[in-house]
Amino acid sequence: MIADYPTVNSTVMEEALKKIKVTKTTHSRLSEVDFNHLVFGKKYADHMLVADFDGKAWGNAQILPFQNFSVSPSNAAWHYGQAIFEGIKAYKDQEGNPMIFRPYDNYKRFNISAERMGMPEVPEWLFIGGMSMLIDLDRDWVPTGEGCSLYLRPFMIATDEFIGVRPSDTYRFAIINSPSGPYFNKPIKLLVQDKYVRAFPGGVGYAKAAGNYGGAMYPTMQARKEGFDQILWVDGYEHKYLQECGTMNVFAIIGNKALTPDLSQGTILEGVTRASVMSVLEDMGFTVEERPVSIDEIVAAYKDGTLREVFGTGTAASVAYVEQLNYQNEQLTLDTTKYDVGREVIQRLDAIRTGRAEDTRNWNFKIS
């Protein structure tokens, strides 16, 4: 029998229950969702969490029916880009209990992003406690299909109604939920982007800031016109060291080693799925190397036959097989039907996240 999963600290939950007002919907939209054909990010659960920062403290915390915000045209987030977010997933164990996968890692990263963007820290009772309350209320929205999950989107935006270049004094924090299927439903093609740059050392590449994604939209659009699914970014100085994909960190399996770009330059996101995959790969007997990885090394390994697999990892994407990698005049074509490493990583992760395998690292937090 699998051991009991940890739950959120009782003191945190008591504070959340005391401070967060709950208004339940009078009309659930659950019956409108076809859980056998879920598309990522298209449907939203019945409730959401909202709280406001008035310049001194967080208050007005509520769980209420999913609805639109009313925002001024002079809202500071529109004009100066103070907006951050996270991506987290909830699953159900074999008894049907909802579980959040590694929420404290996302909580830590959210506040790292907040600090870098000049925004206030979100307290544990609001982020973790509020999320737990929200999932408990919307537990019937957690899907159980293969590759499906309840995708959680915590985010924070500036709310000052002021057109002036300075950090906002006021902010809104919210969490919305989306029952979702796989982000990618087939292997992907990547274009190694050596013209445009996602991030430089000293910038905000390590933060999950909305502007990082906005700045990537145009190059990604151009890549898709050429038949690619995503961009694989490289460094801004030499244009050859791998960074990350548009929505994922990246791994290359060369021989019995798993290579992934290191975090030392502060230009890539410290992915929670990335960290999980590194642990699983080590369990599988691979040597995991976090270090600068050049595209030249990948091309050379492809040519000498030692490049076994390339895959991306992220909360939304989970593990996405790469079937084609294009760099300048080089095209690397990989047979993803032989991806035994990536396949086992997915199987092991899914088994842990759904309670079919022992969670020895306490990654899952049960909603009691």
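Buried means under 20% relative accessible area, exposed means over 50%, and partly exposed is whatever falls in between (1.4 Å probe, protein chains only). Keep that handy for the exercises below.

The model is predicted, so to speak: local features need pLDDT of at least 70, side-chain atom pairs count only at pLDDT 80 or more, and totals for chains, interfaces and linings use all residues. Residues are numbered from 1 along each chain as its sequence is written, and side-chain values use heavy atoms, with hydrogens and water left out.

**Exercise 1. Salt bridges in helix H9**

Task: Find which residue pairs up with Asp350, and work out whether Asp350 is buried or exposed.

Solution:
- Step 1. Start with the test for a salt bridge: a side-chain nitrogen of Lys or Arg within 4 Å of a carboxyl oxygen of Asp or Glu.
- Step 2. Asp350 passes with Arg353, where the closest N and O atoms are 2.6 Å apart.
- Step 3. Both residues sit in helix H9, three residues apart, about one turn of the helix. Helices here are DSSP runs (H or I, at least four residues), strands are too (E, at least two), and numbering goes from the N terminus.
- Step 4. Asp350 has 15% relative accessibility, so it counts as buried. Arg353 is buried as well, since its relative accessible area is 5%.
- Step 5. Elsewhere, salt bridges with shared partners tie Lys257, Glu289, Arg291 and Glu297 into one network.

Task: Now do the same for Glu344: which partner does it meet in a salt bridge?

Solution:
- Step 1. The partner is Arg348, at 2.8 Å from N to O.
- Step 2. Glu344 and Arg348 also belong to helix H9 (residues 340-353), four residues apart, about one turn of the helix.
- Step 3. Glu344 has a relative accessible area of 29%, so it is partly exposed. Arg348 is partly exposed because its relative accessibility is 32%.

**Exercise 2. Helix H1 and its crossing with H4**

Task: Find the salt-bridge partner of Lys19, then describe how H1 and H4 cross.

Solution:
- Step 1. Lys19 forms a salt bridge with Glu15, and their closest N and O atoms are 2.7 Å apart.
- Step 2. Both residues lie in helix H1 (residues 10-19), four residues apart, about one turn of the helix.
- Step 3. Lys19 counts as partly exposed because its relative accessibility is 39%. Glu15 is partly exposed too, with a relative accessible area of 29%.
- Step 4. On to the crossing: the axes of H1 and H4 come within 8 Å and cross at roughly 80°. Axes are lines fitted to C-alpha atoms, for helices over the stretch in contact, and angles run from 0 to 180 degrees between N-to-C directions.
- Step 5. H1 and H4 are therefore roughly perpendicular to each other. The cut-offs are under 35 degrees for roughly parallel, over 145 for roughly antiparallel, 65 to 115 for roughly perpendicular, and oblique for the rest.
- Step 6. On the H1 side, the contact (heavy atoms within 4.5 Å) includes Glu15 and Lys19, and on the H4 side Glu124 and Trp125 are among the residues.
- Step 7. By class, this contact has six nonpolar, three polar and three charged residues. Ala, Val, Leu, Ile, Met, Phe, Trp, Tyr, Cys and Pro count as nonpolar, Asp, Glu, Lys and Arg as charged, and the others, Gly among them, as polar.

**Exercise 3. H3 against H4**

Task: Say which residues of H3 meet H4.

Solution:
- Step 1. The axes of helix H3 (residues 103-116) and helix H4 (residues 124-137) come within 11 Å and cross at roughly 145°.
- Step 2. From H3, Pro103, Tyr104, Asn106, Tyr107 and Phe110 meet Glu124, Phe127 and Ile128 in H4.
- Step 3. Sorted by class, that makes six nonpolar, one polar and one charged residues.

**Exercise 4. Two asparagines**

Task: Where are Asn249 and Asn212 placed?

Solution:
- Step 1. Asn249 is in strand E12 (residues 249-254), and Asn249 is buried, with a relative accessible area of 4%.
- Step 2. Asn212 is found in helix H5 (residues 210-214), and Asn212 counts as buried at 9% relative accessibility.
- Step 3. Leaving out residues up to four places away in sequence, Asn212 touches Arg198, Val204, Gly205 and Ala207.
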